[in-house]
Amino acid sequence: MTLDARRLAAADLHDRPGRAQVLRTSTVFEGHVWDVRSDTIDLGHTQVVREYVAHTGAVAVLALRTDRGVPEIFVIQQYRHPIGAHDWEIPAGLLDVEGEDPVFAAQRELAEEADLLADSWEELIAFTPSPGGLDEVITVYLATDLADVLEGERHLREDEEAGMPCGWVAVDEAVDAVLAGQIHNAALMLAVLTLDARLRGVPGRAGRR
């Protein structure tokens, strides 16, 4: 807020968890997938009302292969009505099975959307895409040691998932597309940049799986 603010280091940049006291809460809209909630919260010095989408959370999968000379990732293109665009993405889905381990959800989404299986799974990055308007957390997993789902066991894709364009793109090419502003999907962008930093030897936190 001022030029006199202290200089921070990486060690200082840790989000501080802790929900403010909720004085009143209500559901103002019940949707097919998500609800909108209204909370009156106590910030200590004042009380405010915040309306937000109550989200189940989601997982996404960065599938990585290295068998063709350069690191490549799997991408799909899907129509997203709220933004009016066919969005290049990585396989992803909701955490809508109560109590399910997120990595199991990631494995299911990779099989259903990409016809791929993976022997190795690692948490790559987690992020909150719009913390001012929804409580969603997206966890991105890195999937390696890949194999095709057998032909007779593949998921039948319907509705907006039917006929989605897909393909493999070199990590360097994906980074170029991100930096050129050609793609805008947050999970794809963050996953690609995180993976690129790792491949270049930039230190970061180790995955949990």
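Two strands are taken to pair if DSSP finds at least two bridges between them; strands themselves are DSSP runs (E, at least two residues), as are helices (H or I, at least four), numbered from the N terminus. The model is predicted, so to speak plainly about cut-offs: local features need pLDDT of at least 70, side-chain atom pairs count only at pLDDT 80 or more, and totals for chains, interfaces and linings use all residues. Residues are numbered from 1 along each chain as its sequence is written, and side-chain values use heavy atoms, with hydrogens and water left out.

On that footing, 3 strands make up an open sheet, ordered 1-2-3 with antiparallel pairing. Its edges are strand 1 (21–30) and strand 3 (47–54), each of which pairs on one side only. Direction ignored, neighbouring strands of this sheet are turned by 20° against each other on average (axes are lines fitted to C-alpha atoms, for helices over the stretch in contact, with angles from 0 to 180 degrees between N-to-C directions). Strand 1 and strand 2 (residues 35–42) run antiparallel and are joined by 8 bridges. Among them, Thr25 has Asp39 as its bridge partner in strand 2, and Ser26 has Ser38. The link from strand 1 to strand 2 is a hairpin through 4 residues.

Next, the pockets. A pocket here is an open set of points on a 1 Å grid over the protein atoms alone, where a 1.4 Å probe fits, with protein on both sides within 12 Å along at least five of seven lines; lining residues have an atom within 4 Å of a point. The second largest one has a volume of about 1000 Å³, volume being the space filled by probe spheres set on the points, which are joined across faces, edges and corners. Its lining runs to 21 residues, with Arg16, Pro17, Gly18, Thr128 and Pro131 lying nearest the centre. Strand 2 and strand 3 are the elements that give two or more residues to this lining, and strand 3 gives the most, with 3 residues. By type, the lining splits into 9 nonpolar, 4 polar and 8 charged residues (nonpolar being Ala, Val, Leu, Ile, Met, Phe, Trp, Tyr, Cys and Pro, charged being Asp, Glu, Lys and Arg, and polar the others, Gly among them).

As for charge pairs, the count comes to 7 salt bridges, each a side-chain nitrogen of Lys or Arg within 4 Å of a carboxyl oxygen of Asp or Glu. One of these joins Arg68 and Glu72 at 2.9 Å, N to O. Arg68 is partly exposed at 49% relative accessible area, while Glu72 is buried at 9% (buried means under 20%, exposed over 50%, partly exposed in between, with a 1.4 Å probe and protein chains only). Glu100 and Arg108 form another, their closest N and O atoms 2.5 Å apart; Glu100 is partly exposed at 21%, and Arg108 is partly exposed at 23%. Asp196 also meets Arg200 in a salt bridge (2.9 Å, N to O), with Asp196 buried at 11% and Arg200 exposed at 57%.

Finally, some backbone angles. Most residues other than glycine have a negative phi. Asp115, though not a glycine, has a positive phi of about 55°. Asp115 sits in the loop between helix 1 (102–114) and strand 8 (116–127) and is buried, at 11% relative accessibility. Asp145 also has a positive phi, near 55°, but its place is in strand 9 (residues 138–148), and Asp145 is partly exposed at 48%.
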